[in-house]
Amino acid sequence: MLSYIARRLAVIIPTLILVSIFIFTLQKILPGDPALALAGEERDAATLEFIREKYHLNDPIYLQYINWAGSALKGDLGISLRTNEPVTKLIGSKLPVTIQLAVMAMIIAFLVGVPAGVLSAVKKGTVVDYLANIVALSGLSIPNFWLGIMLILLVSVNLGWLPASGFESIFVDPVRSLQTMIMPAFVLGTSLAATLMRHTRSAMLGVLKADYVRTARSKGVSEHAVIIKHAFRNALLPIVTLSAVLFGQLLAGAVLTEQIFTIPGFGKLIVDAVFTRDYAVVQGVVLCTAIGFLGMNLIADIAYFLLNPRMRSML
Amino acid sequence: MNRKLLAGLMLGVGLSVTPALAADLRIALNSDADMLDPDQSRTFVGRIVYASLCDKLIDITPELKMIPQLATSWSWSDDGKTLTMELREGVTFHDGEPFNAEAVAYNIERSMTLPESKRKSEFTSVESTEVTGEYEIKFHLKNADATLMAQLADRGGMMISPKAAKAAGADFPTNPVCSGPFKFKERVAQDRIVLTKFDKYWNADKIHFDSVTFLPIPDTTVRLANLRSGDIDMLERLAATDLTSAKADSKLKVESATSLGYQGITVNVGRGEAAKKPLGQSKLVRQALSYAIDREALNQVVFEGAFQPGNQQVSPASPWYNKDVPIPARDVEKAKALLKEAGFDRVEIEYSVPNNPVQLQIAQVVQAMAAEANIDIKIVSKEFAKLLDDDSSGNFEASQLGWSGRIDPDGNIHAFAVCGAGMNDSAYCNPEVDKLLNDARVAPDDAARKALYDKASKILDEELPIIYFYHLKWIWALSSKIEGFVPYPDGMIRLENMKLAD
Amino acid sequence: MSAAFDTVDTVEPEALPPRSGNRAWKKLKRNRSALVGLVLVSFFVLIALAAPLLPVPDPAATSWTAVRKAPSAAHWLGTDEIGRDILSRMIWGARASLMAGVVSVIIAVLIGVPLGLLSGYFGKWIDQIISRIADALLATPFLILAIALAAFLGPSLTNAMIAIGLSAMPVFIRLTRGQVLSVKTEDFVEGARAVGLGNGAIIFRYILPNVFAPILVQATLTIATAIIAEASLSFLGLGQQPPAPSWGSMLNVAKNFLTQAPWMAWWPGAAIFLVVLGFNLLGDGLRDALDPRES
């Protein structure tokens, strides 16, 4: 097991380095001079030169990367060109926001997607199955940002039921937190619920055909118990591992949702940073997201490894 | 706790209006401020925060008259090269440090010399300062400078605590210490800036809120929805197209003031290949474009008539406006004739526009109007950072860019029209205009200055390195419970005398 | 927004000879939802192709007297912020959106499939390099990648398509690689090698035809995601540029007029939904039809 993890890590690290080089290069070739953006009205040559010197924008690009990577290894991701705050501090304050959003989206997706999937599998071929599939596909097909603005229009503007934007931590004011996050979490969770439903359905269908379920049935175990005790439990395994991967994707998918609902999380941080050429912030956030994404994939693999008896016996 | 419970129950039945705490004022801003340091910052919304956080030497009235704030009175020497200021006594900074002439001297020095300072160009006329008493300071100038007062009434005149500034260095923005009515409490980037009441404020009687929270909410629809639901108490820059519905809402009131700035097209007339196109080469083509535009129709279509059409660097409402150069009425035939005179049947213009929907909407209206006058506009939408870069390096033919405006007319024209000046993106160069604008800086009184600006605007209106379209209006929407808000043309929100009605 | 192209809905990389085209078509015809998908997709494709022939006003013709008018007899879907006919813009916008979906997937396939073939067929260090690049691309949030690319290339429909194509590419690398790995060890490939066929011939004659079906299915599903991606980029101002219409850029404008002119947001959103649903239904149907395991 340990050697397996070690092998996986050996792959993750070069991938992370590649990601960081990639984003670094991409940013440096972006048009738009950050010194100019920073200088504002003070556009004289001396000020621009000072800013370029201060943020090492004049160094050759490989040297800039080495400097950045060196500091990053020491846990220093630089400072935001825009607000002068350390990037690590910015990330520290934004990460909990996006995680809360993602967790809530995940909960919604689970509450909707898994039961729908089970029901659809059990009632395979019926109207219920058909409808559930159509709804799930619709969930996958609806543009999230459109769903978001339509919900704002209906729920916030026309009905005035929920705030249209903002964020409050669940630990500070749970009620307000739920009020502000329920719509964005729903929007973010929609396509996820659809994916979960489809996978739950196919996992359940697979399990329901399996020998032990047939055996249980032949022993006269009630259909209800067969589905819950025997089939669902086993179908849950791939769903749980899948959800770890999906969670990693959620962090990235929050980008547009946060933009629409003005939620001060990771996604909004990075979109604004790309547009204002706040290099250090973009670099830091992408690195963190990549770590999160790869980390979740690793966890999913390990979980699959541990939970799946067949794989375990191969060790 | 009870209220939370109640709110929770209300959520359950689908009703959830959580009123803000009575003594906290929540203001939604159009975007997030940058660094909170008057010397380092450059955003408009940053200035709105400073209006509550940092007092200035001088303030203005809504009519743009200079009035005392931290300076109680001032006088000029006869040659206009020495300014003597008497300072307010008994003022303390948020960290308890006393405000005095030494502090002013330090602040001016910092604005002029801090490497990160963005105020340097505002103080180029200052030779030195001299502390002549605990509460008296003299500014010695290299040359007379009529614009200095306006700088001292803006970020240049904001006073920060010398002790805190020295201790923090360039890190000052993370914990700014000034002497305004509110002191800095916390900032969560892109989420909120919270200020709390400063009990020792010299004018504390006029402050009626315990705290003020600034929330950046870029989407105008969302800003308004938040105001309607009571999540915020006030917002700045209501979309002009929301004006009708906001006015119809009895829970809201709307205030507005014509801004000091302008919006229009900057034409590259002097730099690089792009300036060699017909538009950059011929003032007749630029005049044709100006005649092709129906400024009032533009205002109607895009802003439902809420803004102010214009044709100069200041709005027709300003005392500095040159009435001898009126807004031209649309004249398509004349535009075509001008093109002919310049030697063209049709011209094509590559037109840079920031890629936001309202700017693109304006550009498309301009495009449609110009097409009728045989001017084919090709819209090139650019990200804002790229647009700034291209504009300042001469990589554009025409660019749709505005200016937020300054109190003194010099701030709207000098840097844009004088040969080689910092923001002269059009690379316009005319010794006659340079002389007029430079003379206007040192002219003895407003009447003399006005005469010089009038001459300059006459020339600029013919040569059109910048084609002005309109002046936007700052539109604030606020809860009808708030009393005492006074709209200012500088777009700031001053909290003196503002309060919640019972 | 589908956050990443690496959706778990990719096809199982199992190599069995695909069912013949004829049988697949018969199966597809029996699949009602796939037919609905086919109809939806064909409808929008036809509209996009026939745009110049349809009796609608010029999509760029403005009218200052008809700014933001609700749907009426004169303008069936209403007018937009500068008085243009929304129906006409929807029809012409279909071209941009469908093109964005199809072209970006073509880009992704043209780059991703060869890389996947190389990676899977030759293995060793080639595989290592290509796989790590694919991993790195997948680990970078798609939208950020696309935003940065679109910002770098400049806002335009073409550049958005390139950005989306590049972001969608790693899925095709992985899929093709997986397929190749399993086909490579099949008897018929071993046989071909034994009779002395060159690598090129083996790849083109034996490998490619066998990986074709799953790639087709994935491509269909990716068109769906790519259309949403184009709309997302246009929504952020980085896609189709005015005055030319695309559904995403129409939504970008519409969000400023949600309260005054909600119809501006209804139609483009509904159209994106329907066409994406169409591609998803069709993709699902194709997968079932081409899946050799189910009878």
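**Exercise 1. In which loop of chain C does Pro243(C) lie?**

Some ground rules before the solution. This is a predicted model, where local features need pLDDT of at least 70, side-chain atom pairs count only at pLDDT 80 or more, and totals for chains, interfaces and linings use all residues. Residues are numbered from 1 along each chain as its sequence is written, while chains are lettered from A and ligands numbered from 1 in the order in which they are written.

Step 1: Locate the elements. Helices (H or I, at least four residues) and strands (E, at least two) are DSSP runs, numbered from the N terminus. Pro243(C) sits in the loop between helix 8 (199-235) and helix 9 (247-254) of chain C.

Step 2: Check the backbone. The peptide bond from Pro242(C) to Pro243(C) is cis, with omega near 5°.

**Exercise 2. Compare the expected and modelled spans of helix 2 of chain C, then find its buried side.**

Step 1: Get the expected span, which is 1.5 Å times one less than the number of residues. For the 19 residues of helix 2 (residues 32-50) of chain C that gives 27 Å, and the end C-alpha atoms are 27 Å apart, so the two agree.

Step 2: Sort the residues by burial. A residue is buried if 20 or more other C-beta atoms lie within 10 Å of its own, exposed if 12 or fewer, and partly exposed in between, with C-beta atoms placed from the backbone. Ala34(C), Gly37(C), Val41(C) and Phe44(C) are the buried residues of helix 2 of chain C.

Step 3: Look down the axis. Those residues cover an arc of only 100° (taken from the directions from the helix axis to the C-beta atoms), which puts them on the same side of helix 2 of chain C. As background, an α-helix has 3.6 residues a turn, so residues three or four places apart point the same way.

Step 4: Flip to the other face. Turned away from the buried side are the exposed residues Arg32(C), Ser42(C), Leu46(C) and Ala50(C).

**Exercise 3. Where does helix 6 of chain C bend?**

Step 1: Run the span check again. The 28 residues of helix 6 (residues 157-184) of chain C should span 40 Å, and the end C-alpha atoms are 39 Å apart, which agrees.

Step 2: Find the bend, meaning the angle between axes fitted to the seven residues ending at a residue and the seven starting there. Helix 6 of chain C bends by about 30° at Ala168(C), with a proline, Pro170(C), following within four residues.

Step 3: Check the surroundings. Since 22 of its 28 residues are buried, helix 6 of chain C is largely enclosed by the rest of the structure.

**Exercise 4. Work out the strand order of the four-stranded open sheet in chain B.**

Step 1: Apply the pairing rule: two strands pair if DSSP finds at least two bridges between them. The order in chain B comes out as 4-5-7-6, with antiparallel pairing.

Step 2: Pick out the edges. Strand 4 (71-76) and strand 6 (126-133) of chain B each pair on one side only. From one strand to the next, the twist averages 20°.

Step 3: Zoom in on one pair. Five bridges link strand 5 (residues 82-87) and strand 7 (residues 136-141) of chain B in the antiparallel sense. Thr82(B) has His140(B), in strand 7 of chain B, as its bridge partner.

**Exercise 5. Which strands of chain B pair with strand 13 of chain B?**

Step 1: Take strand 17 (residues 398-403) of chain B, which is joined to strand 13 by six bridges and runs antiparallel to it. Here Ile265(B) stands opposite Gln400(B).

Step 2: Take strand 18 (residues 466-471) of chain B, which pairs with strand 13 in the antiparallel sense over four bridges. There the bridge partner of Ile265(B) is Ile467(B).

Step 3: Count the cover. Five of the six residues of strand 13 (residues 262-267) of chain B are buried.

**Exercise 6. Which residue of chain A, in the loop between helix 11 and helix 12, has positive phi?**

Step 1: Arg277(A) has phi near 60°, a positive value in a residue other than glycine.

Step 2: Place Arg277(A) in the loop between helix 11 (266-275) and helix 12 (279-307) of chain A.

Step 3: Arg277(A) is buried, with 27 other C-beta atoms within 10 Å.

Terms used. Axes fitted to C-alpha atoms, helices over the stretch in contact; angles between N-to-C directions.
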